[in-house]
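Trainee: I'd like a close look at one spot in this chain, and then how the rest fits around that view. Could you walk me through it?

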Amino acid sequence: MNTAVARWCVLIPCLNEEAAIRSVVESVLALGAPVIVIDDGSNDRTPEIVASLPVTLLRHTERCGKGEALRRGFREALRQGYDAVLTMDGDGQHLASDIPRIVAAAAQYPNHIVIGARLLDREQQPKGRRRANAVADWGISWACAQPIADTQSGQRWYPRPALDLVDLPAENFVFEAAILIVASREKKLGVVSVPIASRYHGEFRLSHFNPVGDVTRITTYTIGRVIHYGNFIASYRRSRAAPIVISNATD
C-alpha cells in the first residue's frame with residue numbers, strides 16, 4: 001500500500017459494536033495501518049474487545065455523539081503526529097479492503113477529502129435511505145459550492161487542513177457535513193469520491209442515525225451555511241458539475 005502521501009492512521013468511532021468490531025479492527029491492522037478507536041459510551045463488550053487489540057482506545061463514559069467521537073479522535077491523531085486520518089464505521093459496513101484505493105486517491109489528489117462513496121450495488125440501499133442521501137447530496141454540494149458524491153458516507157480521508165477544523169461548533173452527525181462544507185469553502189479543499197459497495201444486508205445492527213432528528217439538524221445547518229456564504233446562484237451552478245469519481249485508483 002502506498003503510504004507516502006502522509007503519515008496517517010485509521011480512526012474508528014463506535015458505539016455498541018461487539019458483533020463486528022474485532023473483525024473490523026483486525027482487518028485494518030492486517031494492512032499495517034495504525035488504528036485509533038473512540039468508544040462513545042458503549043454498554044456492551046465493545047471496549048473490552050478493543051482493549052485486547054494493539055490499538056489506541058479512548059473511551060467516553062457516556063454517549064456524546066458521533067461528532068464528539070470524531071473530534072476526540074482528530075485531536076488524538078494530531079497529538080500523535082499524524083498528518084491525515086481515514087475514518088470508517090465499526091459495524092462492518094466499511095471494509096478495510098477499500099482503504100488502499102482511498103489512500104491511492106489521496107496521493108493522486110492532495111489537498112482533497114476522499115470519500116468512499118456507496119455507488120456500487122446501490123440496489124442494496126433501502127429506497128427511503130437512497131432518496132434521503134440524494135437530497136443530502138444536493139443540499140450539501142450546494143453549500144460546498146462543489147459537487148460531492150455520497151455526502152453521508154462515513155468512510156473518508158481527511159488531510160491535515162480538514163483536521164485543523166476539529167473545533168467546528170457542530171455535533172452528532174452534523175459534524176461530518178460541517179467538515180465538508182467548511183473545508184470546501186474556507187480551506188479550499190476539493191472532494192474526490194472512490195466507489196465502494198452499498199452494504200445494507202447481513203447482520204448489521206440498527207443505525208444510530210435518527211432519520212428525523214439528524215436529518216432536521218443537518219438540513220438546518222446546511223441551509224444556514226448556504227445563506228452565510230451567499231452567492232447562491234454561482235454556488236449552485238458550481239455544485240451541479242459532475243463530481244470527481246476515481247474508479248481506477250490502485251495501491
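Trainee: Where is N111 found?

Mentor: N111 is found in the loop between α4 (99-108) and β5 (112-120); helices here are DSSP runs of H or I with at least four residues, strands runs of E with at least two, numbered from the N terminus. Bear in mind that this is a predicted model, where local features need pLDDT of at least 70 and side-chain atom pairs 80 or more, while totals for chains, interfaces and linings use all residues. Residues are numbered from 1 along each chain as its sequence is written, and side-chain values use heavy atoms, without hydrogens or water.

What draws the eye to N111 is its backbone: phi is near 60 degrees, a positive value in a residue other than glycine. Most residues other than glycine have a negative phi. N231 also has a positive phi, near 50 degrees, and N231 lies in the loop between α8 and α9.

Those two helices, α8 (213-229) and α9 (232-239), each give two or more residues to a nonpolar patch. I223, I227, F232 and I233 make up this surface patch of about 420 Å² (residues over 30% relative accessible area with no salt bridge, nonpolar side chains joined within 5 Å; Shrake-Rupley areas, 1.4 Å probe). I223 sits in helix α8.

Elsewhere, helix α3 (residues 66-79) packs on helix α7 (residues 174-185) at about 55 degrees, their axes 7 Å apart. That makes α3 oblique to α7 (neither under 35, over 145, nor 65 to 115 degrees). On the α3 side the contact (heavy atoms within 4.5 Å) is made by K66, G67, L70, R71 and F74, and on the α7 side by F175, E176 and I179. Sorted by class, that gives 4 nonpolar, 1 polar and 3 charged residues.

As for charge pairs, the structure holds 12 salt bridges (a Lys or Arg side-chain nitrogen within 4 Å of an Asp or Glu carboxyl oxygen). In one salt bridge, the side chains of D39 and R59 meet at 3.7 Å, N to O. This pair links distant parts of the chain, 20 residues apart: D39 is in strand β2 (residues 35-39) and R59 in strand β3 (residues 56-59).

Methods: Axes are lines fitted to C-alpha atoms, for helices over the stretch in contact, and angles run from 0 to 180 degrees between N-to-C directions. Ala, Val, Leu, Ile, Met, Phe, Trp, Tyr, Cys and Pro count as nonpolar, Asp, Glu, Lys and Arg as charged, and the others, Gly among them, as polar. Patches are made of residues with over 30% relative accessible area and no salt bridge: like charges are joined within 9 Å, nonpolar side chains (Val, Leu, Ile, Met, Phe, Trp, Tyr) within 5 Å.
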